[in-house]
Each structure stands twice: as C-alpha cells, then as structure tokens.
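Colleague: Please show me the model, and then take my questions on its fold, its helix packing and its unusual backbone sites.

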Amino acid sequence: MLSYRHAFHAGNHADVLKHFVTIQLLQYLNQKDTAYSYIDTHSGAGVYALDGGYASKNAEFETGIGPLWNRTDLPAPLKEYVDLVKAMNPSGKMRYYPGSPYCADQVAREQDRLRLFELHPADAKILADNFRKVEAHAAAQGVRPTTRGKRVIITKGDGFHALKAMLPPPSRRGLILIDPPYEDKMDYRKVKDTLADALVRFPGGTYAVWYPVLQRMESRQFADKLKQLPGEWLHVTLTINTPMPDGFGLHSSGMFVINPPYTLEPMLKEIMPYLVKVLGKDSGAKFVLESGQPTAGRNTSARRPQISK
C-alpha cells in the first residue's frame, strides 16, 4: 500500500517520541569507538517542510515539536533532540522538521554507516535528493570524508525484505529502526516476523519499533506479541489526550525496543512525565513504561509497568 505520506504527520507527538528515543539509542552506540550500522526500513522523505504542503494541512506538529520549540526548561536529553531540529532552522522560525534518517545522519559519526530503505517512489526520490544536498553542502564547506566506502546508501525498496541481507552488519554493532505506516494491518504481522528472523541473524542488535496505539485489535495486541521474541525489551507509550468515541485520530503511540541500553529506562522515567505535562491535552494524557524478558518459554519475568498522568 503506497498511499501513506508521512509529511501529513511530520513533527507530531508520535514523531517526538520516536525521534527522541532514536537519538538516545544512537548516542549510546557513540560511546564506543567501533563503527556501527543504522538501518531504517521505512525512511520516508528525510526532511519535511512544516510551513507548506502536506504538513501544514493538519498542522500536527502543534501536538509535538510546536509546544517544545520555545521551552526553556527542557531536560537535557530532550533538549538535545529539540536543538537538532532547531539546527536545521537557523532563522529561528519552525519551518523544517527532520525525519529519522536526518536525525541519524546528524548523530552518527563519520565511521558509522546508514542504510536507508523507502518503498514509496516519490518519497524515495525526495530522500535521495535531500541527502545529495547534504553532501553538496558539506563539500562546499570543504568537508571531505576520511573513511573508505559510502557512508549513506539509499535504496528504493521493501525494507522488510531488504533487512535480511543487511544482518549481521560488518561491525556486529547496529540499530535497526522499523516504523512502517501500519495502514495495512498486515504490517503488524510483518514487523514481528521480520524481527524474529533478524534476531536469529543478529541477536545482539538493538531494534526499535514504532507503532500507533489504535483501537484496532492488531494494535492492541502488538506489544504483547513482541514480548514473546527473544531478548530483553523495553516498551514505552505516550498518550496526549483521551481517545475520541469513534476512535478517530492518533492520540497515542509506542516504542518497543529489543536489547535496549541499560541507560534508557531510567532516562525515560525522567523525561516521560515532562512530555505528558507539556504535550498533554486533557486528563487522559499519560505514559506507560515497562520492561522485562520474553514472555514465551521459561523466562516470564517483567517489571511492573510505570503509569503516570
């Protein structure tokens, strides 16, 4: 299904959660000198204009990056994310929002490798064009690569299928971000099947899965099914308002991380209450944070979820 365009939703509360967590995962990988691979199975266009076109139609960024833009009390990890967005808006006006590929490009180091996949033909072309502009700008500033090989490779194709050939990465270190549109309910099944195969090929990798929290059965059961996969896991959801009676609209989203760094859970315990306070629209605003081991087989341990409004 190729109707989905992320530009409609750029910079919303779900993007805040996804990109903030992704940046923290990359920063953890940066602590070791050894290079790593960042693999994005559904990359989108890479950069989105907020003051025109798709993004301005519903102005969903006003539920996410908008309320954070001028805050002076941002916790340090969240400020890092907001500063990254501001860096691509030097005028100070909120005009552009980075997708996950651009966030990764800014946080990853020169020796790290980005492998970006996008199936939508228009977005795949825009993604490639955007990265050509980034490379051209760097060249104009006299910046030349000092490592061999191409740092960023963009492929128009199915990220679910392509991931098999990418694992394990040469350095045996990597972050894999999986965030399909979920317009097709089969995407939920594809994510689990893709992860099951990937964990056989690369059991030590960190896998971050974003998903929308919806009324449909596939969404409600999604996290519990992912908990059956091997590896330690962390699950966090952010809800900004009480769901509408008809189920319309995106009120909540989640990130499910397999093999999370030990630093992630305590950091989220600090940051999530702040996001609820700043982005919450009514008394239904809350977050849920839980972690544990696989629920299938002998090991069924899971820590009590933290729920805060």
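The questions and answers below go from the overall fold to single residues.

This is a predicted model, in which local features need pLDDT of at least 70, side-chain atom pairs count only at pLDDT 80 or more, and totals for chains, interfaces and linings use all residues. Residues are numbered from 1 along each chain as its sequence is written, and side-chain values use heavy atoms, with hydrogens and water left out.

Colleague: What percentage of the residues in the protein is buried?

Modeller: The protein has 10 helices and 11 strands, where helices (H or I, at least four residues) and strands (E, at least two) are DSSP runs numbered from the N terminus. Buried means under 20% relative accessible area, exposed over 50%, and partly exposed in between, with a 1.4 Å probe and protein chains only. Of the 309 residues, the buried part is 51%.

Colleague: Among contacts between residues at least 6 apart in sequence, what percentage joins residues at least 24 apart?

Modeller: Contact here means heavy atoms within 4.5 Å. For pairs at least 6 apart in sequence, the part joining residues at least 24 apart is 78%.

Colleague: Which helix gives the most residues to the largest nonpolar core?

Modeller: A nonpolar core is a set of buried Ala, Val, Leu, Ile, Met, Phe, Trp, Tyr and Cys residues joined through side-chain atoms within 4.5 Å. The largest one has 86 residues, and Leu68, Tyr81 and Leu268 have the most contacts inside it. The helix that gives the most to this core, with 10 residues, is α10 (residues 264-279).

Colleague: Which residues of helix α1 does Tyr81 touch, and what else is in its list?

Modeller: Residues up to four places away in sequence are not counted for Tyr81. Its partners are Val16, His19, Phe20, Ile23, Ile65, Leu68 and Tyr97. Helix α1 covers residues 13-29, and the partners of Tyr81 with numbers in that range are Val16, His19, Phe20 and Ile23.

Colleague: How are α1 and α10 oriented, roughly parallel or roughly antiparallel?

Modeller: Their axes, lines fitted to C-alpha atoms over the stretch in contact, with angles from 0 to 180 degrees between N-to-C directions, come within 12 Å and cross at roughly 155 degrees. The contact joins His13, Val16, Leu17, Phe20, Val21, Gln24 and Leu25 of α1 to Leu264, Met267, Leu268, Ile271, Met272, Leu275 and Leu279 of α10. Angles under 35 degrees count as roughly parallel, over 145 as roughly antiparallel, 65 to 115 as roughly perpendicular and the rest as oblique. The pair is therefore roughly antiparallel.

Colleague: Where in the structure is Leu279, and is Leu279 buried or exposed?

Modeller: Leu279 is in helix α10. Setting aside neighbours within four places in sequence, Leu279 contacts His13, Val16, Thr63, Gly64, Pro67, Leu68, Leu238 and Ile240. Thr63 is 216 residues away in sequence, with a C-alpha to C-alpha distance of 6.4 Å. At 1% relative accessibility, Leu279 counts as buried.

Colleague: How many of the 8 residues of helix α5 are buried?

Modeller: Helix α5 covers residues 100-107 and is largely enclosed by the rest of the structure. Its axis and that of α1 come within 10 Å and cross at roughly 30 degrees, so the two are roughly parallel. His19, Ile23, Leu26 and Gln27 of α1 meet Ser100, Cys103, Ala104 and Val107 of α5. The buried count in α5 is 7.

Colleague: Which residues of α9 meet α8?

Modeller: The axes of α8 (residues 186-201) and α9 (residues 217-226) come within 10 Å and cross at roughly 10 degrees, so the helices are roughly parallel. From α8, the contact uses Tyr188, Val191, Lys192 and Leu195. From α9, the residues are Glu218, Ser219, Phe222, Lys225 and Leu226.

Colleague: What is the relative accessibility of Ile258?

Modeller: Ile258 is in strand β9 (residues 252-258). Its contacts beyond four places in sequence include Leu195, Leu199, Tyr207 and Trp233. Ile258 counts as buried, at a relative accessibility of 2%.

Colleague: Which residues are joined by a cis peptide bond?

Modeller: Most residues other than glycine have a negative phi, and most peptide bonds are trans. Arg172, in the loop between α7 and β6, has a positive phi near 60 degrees. Pro168 is found in the loop between α7 (159-166) and β6 (174-178). The cis bond, with omega about -5 degrees, joins Leu167 and Pro168.
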